[in-house]
Amino acid sequence: VQLQASGGGLVQPGGSLTLSCVASGSIFNINNMAWYRQGPGKQRESVAGITSGGSPNYADSVKGRFTISRDNTKKTVYLQMNSLKPEDTAVYYCKALIYGMQYWGKGTLVTVSS
């Protein structure tokens with residue numbers, strides 16, 4: 001099983017980005033999926049999660065600005081990020097719970113700067 005995240009980049013404050021994370025391998029079912037981030041000099045923190053049924057949850061710092069979604073047929077989780085702030089600058093990681101095991105993708109860097 002592998003997770004591949006993409007979509008990071010440089011964006012100005014107030015801008016938007018959409019991250020994607022695709023799971024590959026012999027997978028028939030994916031349980032919870034989530035996005036985490038680690039900013040410069042900070043610990044990794046949870047950003048958003050989504051159950052297999054599509055119920056989302058968000059960190060307070062991103063509520064109203066970020067939207068997590070998933071496409072089970074594509075084994076993909078998305079993170080739509082709007083109204084980005086400099087403090088959202090971080091490496092973003094996806095995580096998936098598959099057959100009782102947690103898998104992490106390599107991060108994708110998001111830089112919010114003018």
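# A tour from the disulfide outwards

Start by selecting Cys21 and Cys94: a disulfide joins the two, with 2.0 Å from S to S. Keep in mind as you go that this is a predicted model. In case the word is new to you, a disulfide is a covalent bond between the sulfur atoms of two cysteines. Searching the whole structure turns up 1 disulfide, so you can leave this pair coloured as a landmark. Which parts of the chain does the link tie together? Cys21 sits in strand E3 and Cys94 in strand E9, so the bond connects parts that are 73 residues apart in sequence. Zoom in on the bond itself: the angle about S-S is 55°, and the link of Cys21 and Cys94 is right-handed. Are these two cysteines buried or exposed? Both Cys21 and Cys94 are buried.

**Next stop: strand E9**

Select residues 90–98, which make up strand E9. This strand is mostly covered, with 7 of its 9 residues buried. Now look for its partners. E4 is joined to E9 by 6 bridges, and the two run antiparallel. To see one of the matching pairs, select Ala34, whose bridge partner in E9 is Lys95. E11 also runs antiparallel to E9, with 3 bridges between them. Here the pair to pick is Val91 and Leu109, with Leu109 standing opposite in E11.

**Round the hairpin**

Follow E9 to its end and you come to E10, covering residues 101–104. E9 and E10 form a hairpin with 2 residues between them. Click on Tyr99 in the turn, which has a positive phi of about 50°. The two strands pair in the antiparallel sense over 4 bridges. Ile98 has Met101 in E10 as its bridge partner, while Leu97 stands opposite Gln102.

Is Gly100, in the loop between E9 and E10, buried or exposed? Gly100 counts as exposed because its relative accessibility is 66%, and the cut-off for exposed is over 50%. For a sense of scale, draw a distance from the C-alpha of Gly100 to that of Tyr36: these atoms are separated by 19 Å, and the residues are 64 apart along the chain.

**Over to Thr108**

Now pick Thr108, which lies in strand E11. At 9% relative accessibility, Thr108 counts as buried, because the cut-off is under 20%. Show its side chain and you will find it reaching the backbone nitrogen of Gly8 at 3.0 Å. Leaving aside residues within four places in sequence, Thr108 is in contact with several others, including Ala5, Ser6, Leu19 and Tyr92.

**Into the core**

In soluble globular proteins, nonpolar side chains tend to be buried together. What does that look like here? Show the side chains of Trp35, Val47, Phe66, Leu79, Met81 and Tyr92: these have the most contacts inside the largest nonpolar core, a set of 29 residues. Among the elements that give two or more residues to this core are E1 (2–6), E3 (17–24), E4 (33–38) and E5 (45–50). Which strand gives the most to the core? That is E9, your earlier stop, with 5 residues.

Stay in the core and centre on Phe66. What does Phe66 touch, not counting residues up to four places away in sequence? Among its contacts are Val47, Leu79, Met81 and Tyr92, and also Arg37, Tyr58 and Asp88.

**Last stop: an open sheet**

Finally, colour the strands E1, E3, E8 and E7. These 4 strands form an open sheet in the order E1-E3-E8-E7, with antiparallel pairing. Which strands stand at the edges? E1 and E7 do: each has a single partner strand, so one side of each is left without a neighbour in the sheet. Turn the view and look for the twist, which averages 15° from one strand to the next.

Finish on E7 and E8, which pair in the antiparallel sense over 6 bridges. Select Ile68 and you will find Leu79 standing opposite in E8. You have met Leu79 already, as one of the residues with the most contacts inside the core. And E3, here in the sheet, is the strand where you began with Cys21.

Note on methods
Residues are numbered from 1 along each chain as its sequence is written. This is a predicted model: local features need pLDDT of at least 70, side-chain atom pairs count only at pLDDT 80 or more; totals for chains, interfaces and linings use all residues. Side-chain values use heavy atoms; hydrogens and water are left out. A nonpolar core is a set of buried Ala, Val, Leu, Ile, Met, Phe, Trp, Tyr and Cys residues joined through side-chain atoms within 4.5 Å. Buried means under 20% relative accessible area, exposed over 50%, partly exposed in between (1.4 Å probe, protein chains only). Contact means heavy atoms within 4.5 Å. Two strands pair if DSSP finds at least two bridges between them. Axes are lines fitted to C-alpha atoms, for helices over the stretch in contact, and angles run from 0 to 180 degrees between N-to-C directions. A disulfide is a pair of cysteine sulfur atoms within 2.5 Å. A polar contact is a pair of N or O atoms within 3.5 Å; within protein, one must be able to donate a hydrogen and the other to accept it, and residues adjacent in sequence count only if both atoms are side-chain atoms.
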